[in-house]
Amino acid sequence: MQTSGSKPCPCPGFKLREVASVYFTMIAVFLVILVAALQGSAPRGTYFPYKVPLDPQGLLELSWNVSYPEQAVYFQILSRELKFGLLFGMSDRGEFENADLAVLWSDGHSSYFGDAWSDAKGHLHMDSQQDYQLLGAQSAAEGFYILFRRAFSTCDPKDYLIEDGTVHLIYGILEKPVRSLQAINISAIHRGLQRVQLLKPNITIPELPSDMKTMEITAPGVVIPSQETTYWCYMAELPDGFPKHHIIMYEPVITAGNEALVHHMEVFQCAAELDSIPRYNGPCDAKMKPDQLNYCRHVLAAWAMGAQAFYYPEEAGLAFGGPGSSRYLRLEIHYHNPLVFKGRRDSSGIRLYYTGSLRRYDAGIMELGLVYTPVMAVPPGETAFVLTGYCTDKCTQRALPAAGIRIFASQLHTHLAGRKVVTVLSRDGRERQVVNADGHYSPHFQEIRMLKELVAVFPGDELITACTYNTEDRSQVTVGGFGIMEEMCVNYVHYYPQTQLELCKSAVDPGYLHRYFSLVNRFNDEEVCTCPQVSVPQQFSSIPWNTFNRDVLKSLYGFAPISMHCNKSSAVRFPVRTASPPRADVLHGNSRPGLKPPRSAPRWARDVAAPCGPKAGSWSCPGNPSTSST
């Protein structure tokens, strides 16, 4: 499971590895670790700042800490009702097949702990290299604690590489004694998954001002619906005449007992142009929801399970209140209730910390990636289809101040088909820095993440965002758009000082997409209607998705000119012309999730991009029959 893109680790030589393999096998098989012998031996003063419930009932609670000097994570699991053991581990997307596991089990007489892995059929095997290091176990009034350590990267191909971004944690509860590790049937146990960001950044918390105030935006005693997934919307208002303040911190407020049900929350500010918005407290997808709530999209705060308090840099704050700022706020809570609990009341939300002593800079939020448009599409049946959006040098040259901006946080976003997202900073045609990357991205786990270090962006720099999609379970094309079954590719970057640039995104030039449809008509028996009255989604839906049509579309997106959207907060565009996407070694290697090396365009791709006819808009190339349909 250690990926080829990971940094090389100092592995022992072949002969030494053979000895080590035999040695660890002997330990695993003959000298299994007896947990009972470690009662009360957990290191004193161990600090676990991060905490998340693993299961919906809250029977298993995970706490952890990160040691960057050791390149290791320290885990502590509290089992409130330990029976005959548990499984804990990591896998690519939360599967129990091909997983990396730490297993605690009992045969009814003795208890054992070991590093294990599961094969493609879900069968468990003791790992010949024991990289989950048991540090302690202890009984307490609240349950049973087990403490262990795991390095980020090991030299074991069966181990999961712990890296930045989302990690899919899996767990299982053993309710009956088992005679051996191999006797555990993982398909028959109570099990599940939890997503977290394990590698939290080591950031110094800035000092908070003495005049700081708090405001809680919370649900008013909502009865959580007895269904697995609910998005709940609640409208709140700022006081009349509320002057400009800076938000400098926020944190979650979770109703006691609902820690495992409140999955994530966001506070949005509404568009300032709306004079009034009806009060609303109900499901976000209800037909009775006022349409005005759709114009409440400016993110003030976002929290996801496992996240801690969010702090702004000491020199910046997020402005709210005052002239040009809406009084109306929308709280959105995602309730995840897989056990379908009934009658649970909830008053969770987000607590804002703000000050009237304005900091030096207003913080801003900028959208990077792809425009919400159907011209960007993913064919059905794809395992890893990449779409890329550009914030070009021409846009940053016009819109950014000479001293540049500093990005300090980022929120990645796609819809259900998204699997990887990465944004890189390019300067002078070369990749300089990864802004944010998530190689195990999940649309079900989105949070604003503080970056480990500030990213400086100057006029003339480029910000390139690539999203990787999986549509293996779909029979129809997936186009870009706002619908949940449509797709997005966005990075909301938080930065200072605030500029007029609010949206820096791209899409393929529509004229070249029309040429793609025409080319498909020339080379396929099934006709794709290119009539002006037929929408782009309809044209995509009529395409037979054979290998040729897929490859041409990939090349089109890689080589055709792009249409830039370099927009001010007023939605007025900076004057930036259509451009060609960056070609240099920005996309230089597969070590970056979603980015691939550039390659020469095949002949048929050049045909798509070649100018046709004597004037723009003419789709009949010299020597070729017209492909227009009526």
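In which strand is the place of Lys568? Lys568 sits in strand E37, which covers residues 562-568. The model in which this strand appears is a predicted one.

The chain as a whole gives the setting. The chain has 630 residues, and 53% of them count as buried. Its secondary structure consists of six helices and 37 strands. When contacts between residues at least 6 apart in sequence are taken, 77% of them join residues at least 24 apart. The accessible surface amounts to about 28,200 Å², and carbon and sulfur atoms account for 51% of that surface.

Lys568 itself offers an example of a link across the sequence. Glu502 is 66 residues away from Lys568 in sequence, yet the two C-alpha atoms are 5.4 Å apart in space. Beyond residues up to four places away in sequence, Lys568 touches Gln500, Glu502 and Phe574. The relative accessible area of Lys568 is 26%, so the residue is classed as partly exposed.

The interior can be taken next. The largest nonpolar core holds 85 residues, and those touching the most other members are Leu62, Trp64, Phe88, Phe148, Leu169, Leu198 and Phe320. Apart from that core lies another, made of 33 residues, including Tyr441, Phe540, Val552 and Leu553. To return to Leu62 in the largest core, its contacts outside the four nearest places in sequence are Tyr50, Lys51, Val52, Leu54, Phe75, Gln76, Ile77, Phe88 and Leu169.

Strand E35, residues 490-496, contains Tyr495. Is Tyr495 buried or exposed? Tyr495 has a relative accessible area of 0%, and it therefore counts as buried, the cut-off being under 20%. Leaving out neighbours within four places in sequence, Tyr495 is in contact with Asp362, Ala363, Gly364, Ile365, Met366, Ile405, Arg406, Ile407, Phe408 and Leu501. Of these, Asp362 is 133 residues from Tyr495 in sequence, with a C-alpha to C-alpha distance of 8.8 Å. The side chain of Tyr495 also takes part in polar pairs with the backbone. It reaches the backbone nitrogen of Thr499 at 3.1 Å, and a polar atom of the same Tyr495 side chain lies 3.5 Å from the backbone oxygen of Leu501.

Just along the chain is a backbone feature. Tyr496 and Pro497 are joined by a cis peptide bond, with omega of about -10°. Pro497 belongs to the loop between E35 and strand E36, the latter spanning 501-508.

On the other side of E35, the loop that connects it with strand E34 (478-479) contains Met485. Together with Leu416 and Ile484, Met485 makes a nonpolar surface patch of about 270 Å².

Two further loop residues have unusual backbone angles to consider. Asn98, which is not a glycine, has a positive phi near 50°. Asn98 lies between strand E5 (85-91) and strand E6 (100-106), in the loop. Its relative accessible area is 43%, so Asn98 is partly exposed. Val340 likewise is not a glycine and has a positive phi, of about 55°. The loop holding Val340 runs between strand E22 (328-336) and strand E23 (345-346). Val340 is partly exposed because its relative accessible area is 35%.

Definitions and conventions. Residues numbered from 1 in each chain as written. Predicted model: local features only at pLDDT ≥ 70, side-chain atom pairs only at ≥ 80, totals over all residues. Heavy atoms only, no water. Helix = DSSP H or I, 4+ residues; strand = E, 2+ residues; numbered from the N terminus. Buried < 20%, exposed > 50% of the residue type's maximum accessible area, 1.4 Å probe, protein only. Contact = heavy atoms within 4.5 Å. Areas by Shrake-Rupley, 256 points an atom, 1.4 Å probe, with all protein chains shown as cover. Core = buried A, V, L, I, M, F, W, Y, C linked by side-chain atoms within 4.5 Å. Polar contact = N/O pair within 3.5 Å; in protein donor to acceptor, adjacent residues only side chain to side chain. Patch = residues over 30% accessible without salt bridge, like charges linked within 9 Å, V, L, I, M, F, W, Y side chains within 5 Å. Salt bridge = Lys/Arg side-chain N within 4 Å of Asp/Glu carboxyl O.
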